[in-house]
Amino acid sequence: MTKPKFYMTTAIAYASTKPHIGNTYEIVLADAIARFKRFEGYDVYFQTGTDEHGEKIELKAKEAGMNPQEYVDKQANEVKNIWDVMNTTYDNFVRTTDKMHEKVVQKIFKKLYDQGDIYKSEYEGLYCTPCESFWTETQAPNGTCPDCGRPLSPKKEESYFFKLSKYQDRLEKYIEEHPDFIYPESRKNEMINNFLKPGLQDLCVSRSSFKWGIPVTFDDKHVIYVWIDALTNYITFIGYDPDGSTEQFNKLWPADLQVIGKDIIRFHTIYWPIILMALDLPLPKTVYGHPWLLFDNDKMSKSKGNVLYADDLVKEFGVDRVRYYLLHEIPYANDGSITKELLIEKSNNDLSNILGNLVTRTVSMANKYFDGVISNPKVNEEIDDNLIQSVSTLADEVSRKMDECKVAEAIDLIMNVLKKCNKYIDETTPWALAKGVNKEDRLKTVIYNLIESIRICALLLSAFIPETAEKILNNICAKSFDYSSAKTFGLTADNTKIGSPEIIFERIVEK
Ligand SMILES: [Zn+2]
């Protein structure tokens with residue numbers, strides 16, 4: 001069954017430093033959703049990439065003795081490598097230094113200027129150089145940057161401004177009327193009460209203090225600042241053009257889901273929708289501001305020396321252990337925490353003891369008792385019903401959680417069924433049935449029920465731990481891999497010969 005298109009994006013990563021594991025969470029989270037949607041039959045288009053302009057990059061490049069383009073080429077490559085190490089299935093990796101993007105951004109800026117949404121004025125305020133942000137005295141009462149805590153200095157700059165205020169009422173109404181526009185709900189209230197209700201100030205959308213940006217075509221002292229340069233990547237790279245967009249754009253826009261970090265939710269639920277309104281384009285259906293991954297409950301930073309990198313963790317633990325940890329241990333709305341010790345503990349407990357053990361035990365018993373041949377004589381007992389019921393409804397329950405971006409809770413549902421399977425083994429005691437008289441068909445049924453439960457759980461785990469899921473499905477000789485086969489208990493044909501027992505996740509013994 002073919003389902004509609006599903007266009008989803010991550011934020012684009014700022015190409016100034018190598019992303020740490022916290023910055024890598026977003027792409028893995030988005031990838032799990034993209035994979036699950038494809039599995040359900042959606043025509044998914046999944047875009048990610050890098051944000052490559054700005055003063056910070058100009059400075060970093062200078063420090064490294066490189067020109068900015070060389071510098072971002074190297075950084076973008078590093079980001080892309082990490083996304084690939086995490087086994088993510090993006091369809092397009094975009095870079096804001098792409099010439100096509102730069103040209104369309106210039107046209108967008110000109111269009112907004114021509115229609116009076118952008119005007120020239122002078123900006124006066126307190127400025128934080130590392131954050132490239134102006135702050136008002138109300139926002140920064142003690143003269144330090146609310147984002148990074150560094151001291152601010154007064155600065156005056158001729159700039160172009162975007163009339164956010166003009167669209168304020170329209171946006172407020174839109175947010176109120178579209179409960180799915182901002183996830184989680186708590187963020188929605190924060191945007192309305194903290195930013196919209198007090199009144200929007202016009203947004204400074206150009207800079208003349210640095211050069212590394214897209215020039216304003218009609219005033220080359222200015223470069224276009226991050227808002228219009230970076231946010232528009234979601235439309236330019238699928239073919240938006242003020243002079244006439246492509247068919248791909250008409251098919252894909254509006255985005256169905258934009259996954260971003262909670263720290264930039266204001267930019268994506270206030271600035272971004274207003275830019276879209278000014279361009280007369282529909283707004284994305286959902287913007288999900290995910291929580292952060294902390295290191296041992298502390299913010300990860302180079303200066304604190306507590307930075308973990310995805311590629312190092314994957315080298316040490318394998319990609320699925322790291323994916324599993326990220327996807328399962330960071331809740332929908334609250335920050336998560338990571339240390340190597342926690343990763344080992346969760347991996348041993350969930351992946352080795354619950355999942356791995358179940359698969360290995362079941363496949364071993366099938367081999368030991370029936371030479372690996374699976375059949376269902378349907379000698380059912382009451383205890384089977386409860387298991388079969390949980391397994392049969394699992395796909396739809398997981399799907400509902402995924403629709404709400406509640407990925408950790410979706411995995412929980414699967415883990416709970418796997419635990420039930422282990423309990424089912426303890427309660428049906430196959431080893432006793434093997435010794436019993438006339439119990440062969442009952443034993444066959446028990447093994448069959450376990451293989452079917454494993455098959456469905458593994459199919460549903462494909463979005464989260466793809467390599468492992470594939471290994472399990474191959475091991476039990478699963479034949480169909482689509483969503484409907486995850487909804488149907490009993491698809492394994494009689495006399496299916498499965499593989500030999502394998503270790504799915506070796507326990508990690510701490511040194
Ligand atoms: Zn700052």
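Where is the place of Asn306, between which strand and which helix? Select the loop between strand 15 (293-295) and helix 11 (310-317): Asn306 is there. Keep in mind throughout that this is a predicted model.

**Stop 1: Asn306**

Is Asn306 buried or exposed? Its relative accessibility is 9%, so Asn306 counts as buried, the cut-off being under 20%. Now show what surrounds Asn306. Setting aside neighbours within four places in sequence, Asn306 is in contact with Phe295, Asp298, Lys299, Met300 and Ser301. Next, pick the C-alpha atoms of Asn306 and Gly336. They are separated by 15 Å, and the two residues lie 30 residues apart along the chain.

**Stop 2: the whole chain**

Zoom out. The C-alpha trace spans about 90 × 50 × 40 Å along its principal axes. Colour by secondary structure, and 19 helices and 18 strands appear. Colour by burial instead: 56% of the 511 residues count as buried. Then consider the contacts with a separation of 6 or more. Of these, 78% are between residues 24 or more positions apart.

**Stop 3: strand 14 and its partners**

Select residues 287-290, which form strand 14. Show the side chains. Val287 and Gly289 point one way; Tyr288 and His290 point the other way. All four of these residues are buried.

Which strands pair with strand 14 in the parallel sense? Add residues 182-183. This is strand 8, joined to strand 14 in parallel over two bridges. Ile182 stands opposite Val287 here. Now add residues 257-261, strand 13. Strand 13 also runs parallel to strand 14, with four bridges between them. Look for Val259, which stands opposite Tyr288. From strand 13, trace the chain through helix 10 (residues 265-278) and on to strand 14. This β-α-β crossover is right-handed.

**Stop 4: helix 6 against helix 10**

Keep helix 10 on screen and add helix 6, residues 185-196. At what angle do the two axes cross? The crossing is at roughly 65 degrees, and the axes come within 11 Å. That makes helix 6 roughly perpendicular to helix 10, because angles of 65 to 115 degrees count that way. Helix 6 passes helix 10 in a right-handed crossing.

Show the side chains where the helices meet. From helix 6, select Arg187, Met191, Phe195 and Leu196. From helix 10, select the residues they meet: Ile265, Arg266, Thr269 and Ile270.

**Stop 5: the four-stranded open sheet**

Move to the open sheet with strand order 6-5-7-9. Its four strands pair in the antiparallel sense. Which strands stand at the edges? They are strand 6 (133-135) and strand 9 (203-204). Each has a single partner strand, so one side of each is left without a neighbour in the sheet.

Now select strand 5 (residues 118-128) and strand 7 (residues 153-162). Ten bridges join this antiparallel pair. For one bridge, pick Tyr119 and its partner in strand 7, Phe161.

**Stop 6: the three-stranded open sheet**

Finish at the open sheet of three strands, ordered 10-12-11. Pairing is antiparallel here. Strand 10 (206-207) and strand 11 (214-215) are the edge strands, each pairing on one side only. Select strand 11 with strand 12 (residues 223-224): two bridges hold this antiparallel pairing. Pick Pro215 last. Its bridge partner in strand 12 is Val223.

Terms used
Residues numbered from 1 in each chain as written. Predicted model: local features only at pLDDT ≥ 70, side-chain atom pairs only at ≥ 80, totals over all residues. Heavy atoms only, no water. Buried < 20%, exposed > 50% of the residue type's maximum accessible area, 1.4 Å probe, protein only. Pairing = 2+ DSSP bridges. Right-handed = clockwise from strand over helix to strand, strands pointing away. Axes fitted to C-alpha atoms, helices over the stretch in contact; angles between N-to-C directions. Parallel < 35°, antiparallel > 145°, perpendicular 65-115°, else oblique. Left-handed = near helix turned anticlockwise from the far one by under 90°. Contact = heavy atoms within 4.5 Å.
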